[in-house]
Amino acid sequence: MELLIVKDRRIDYDGSAIGSHWAYRNFGLLGNSLVVFRGKCDVKVEEMIDIEDLRQNKGIKSDDMVHYIIEVFDLVNTLFASTLQKLFIARLCEVLGGYGVKTVRKGDDIYVNGRKLSISIATVSPVSVKIHIGINVEAKGIPEGVDAIGLRELGITDIEEFMENTGNALVQEFKKVKKDSLKVRWAQ
C-alpha cells in the first residue's frame with residue numbers, strides 16, 4: 001500500500017474522493033493506497049454513501065479535519081470493506097492512546113469523553129474497496145446536535161506529525177494483515 005501525506009496544500013472533502021481511482025487520478029498512485037490530507041468536510045446529502053444518514057437528511061460537516069482516503073483492490077467485498085474500516089479505526093484509537101488520549105470505539109467512530117472525534121464510511125466500487133475516515137482538528141463547523149471534539153482540544157497540536165504517525169501506522173497495519181494472509185496454507 002502506497003502512502004501519500006499531502007502537506008503543501010489543503011484539500012476539502014466533499015464525498016467525491018470516495019470514488020474509485022481518486023488517488024490515481026489526482027496523485028498518480030496506482031493500486032492500493034492511503035492518501036492523508038487536511039481540509040474542510042462538507043458532504044451534501046446527495047453525495048452521501050450511508051443510507052442511514054441519507055434517510056435522516058443530515059449533513060456531514062467540519063471546518064478542519066485530517067482525512068484518510070483508503071483504496072484497496074485486493075478483495076472487492078462490502079464485508080471486507082467494513083472489517084478493514086473497523087480495523088483502521090481501532091488502530092487509530094491505539095495511536096491516539098500513545099498520545100495519552102483515552103478513546104472509545106463505537107462501531108466505526110471514535111469518541112473521547114462521550115464526544116465524537118471522527119467520521120467514517122466504507123463502501124465498494126466495481127473495482128475496489130473505498131474508505132474515508134475524518135478526524136476533527138477542531139470541533140468547529142460541526143452540524144447542530146453533534147457533540148464533537150477535536151485533536152487540538154486533546155492537546156495534539158502538531159497536526160502534520162499526527163498525519164505522519166497515523167498514516168504510517170495504518171499502512172503498517174495493512175501490510176501486516178496482507179503478509180499474514182499470504183504466509184498460511186490451506187488446511188487439509
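Biologist: Which residues does Ser128 touch, not counting residues up to four places away in sequence?

Modeller: In this predicted model, Ser128 touches Ser20, Glu71, Val72, Phe73, Val76 and Thr123, with residues up to four places away in sequence left out.

Biologist: Where is Ser128 found?

Modeller: Ser128 sits in the loop between E7 and E8.

Biologist: Buried or exposed, that Ser128?

Modeller: Buried, with a relative accessible area of 0%. The cut-off for buried is under 20%, so Ser128 qualifies.

Biologist: Which side chain does Ser128 join in a polar contact?

Modeller: That would be the side chain of Glu71, and the polar contact is 2.5 Å.

Biologist: OK, zooming out. What does the secondary structure come to?

Modeller: Four helices and eight strands. Along the sequence the pattern reads β-α-β-α-β-α-β-β-β-β-β-α.

Biologist: How does the radius of gyration sit against a compact globule?

Modeller: It agrees: a compact globule of 188 residues would come out near 16 Å, and the protein has 16 Å. Along the principal axes, the C-alpha atoms fill a box of roughly 55 × 40 × 35 Å.

Biologist: And how much of the protein counts as buried?

Modeller: 43% of the 188 residues. On contacts, if you take pairs at least 6 apart in sequence, 70% of them join residues at least 24 apart.

Biologist: Now the sheet. What is the order of the five strands?

Modeller: E1-E2-E3-E8-E7, an open sheet with mixed pairing. Strand E1 (2–5) and strand E7 (118–124) are the edge strands, and each pairs on one side only. On average, neighbouring strands in this sheet are turned by 25° against each other, direction ignored.

Biologist: What packs on the sheet?

Modeller: H4 does, touching E1, strand E2 (33–43), E3 and E8. The direction of H4 makes about 130° with that of E2.

Biologist: Let's look at E3. How many of its residues are buried?

Modeller: 10 of the 13, so E3 is largely enclosed by the rest of the structure.

Biologist: In what sense do E3 and E8 pair, and over how many bridges?

Modeller: Strand E3 (residues 60–72) and strand E8 (residues 129–136) pair in the antiparallel sense over eight bridges. E2 and E3 run antiparallel too, joined by 10 bridges.

Biologist: Give me some register to check. What stands opposite Val66 in E8?

Modeller: Ile135. Over in E2's pairing with E3, Val66 is the bridge partner of Arg38. Also, His67 stands opposite Gly134 in E8.

Biologist: Switching to charges. How many salt bridges does the structure hold?

Modeller: 13. One of them links Arg91 and Glu94, with the closest N and O atoms 3.0 Å apart.

Biologist: How are Arg91 and Glu94 placed in helix H3?

Modeller: They are three residues apart in helix H3 (residues 78–98), so about one helical turn separates them. Glu94 counts as exposed at 52% relative accessibility, while Arg91 counts as partly exposed at 23%.

Biologist: Which other residue forms a salt bridge with Arg91?

Modeller: Glu173, where the closest N and O atoms are 3.5 Å apart. Glu173 lies in helix H4 (residues 159–182) and Arg91 in helix H3, so this pair ties together parts that are 82 residues apart in sequence.

Biologist: What does Asp180 meet in a salt bridge?

Modeller: The side chain of Lys183, at 3.5 Å from N to O. Asp180 is partly exposed, with a relative accessible area of 27%, and Lys183 is exposed at 58%.

Biologist: Which residues do shared partners join into one network?

Modeller: Arg10, Arg38 and Asp64, through salt bridges. Arg38 came up before, as the bridge partner of Val66 in E3.

Biologist: Last one. Where does Gly98 lie?

Modeller: In helix H3. At 69% relative accessibility, Gly98 counts as exposed.

Biologist: And how far apart are Gly98 and Pro126 in space?

Modeller: 37 Å, C-alpha to C-alpha, with their positions 28 residues apart in sequence.

How values were computed:
Residues numbered from 1 in each chain as written. Predicted model: local features only at pLDDT ≥ 70, side-chain atom pairs only at ≥ 80, totals over all residues. Heavy atoms only, no water. Salt bridge = Lys/Arg side-chain N within 4 Å of Asp/Glu carboxyl O. Helix = DSSP H or I, 4+ residues; strand = E, 2+ residues; numbered from the N terminus. Buried < 20%, exposed > 50% of the residue type's maximum accessible area, 1.4 Å probe, protein only. Pairing = 2+ DSSP bridges. Axes fitted to C-alpha atoms, helices over the stretch in contact; angles between N-to-C directions. Contact = heavy atoms within 4.5 Å. Polar contact = N/O pair within 3.5 Å; in protein donor to acceptor, adjacent residues only side chain to side chain. Rg over C-alpha atoms; globule rule 2.2 N^0.38 Å.
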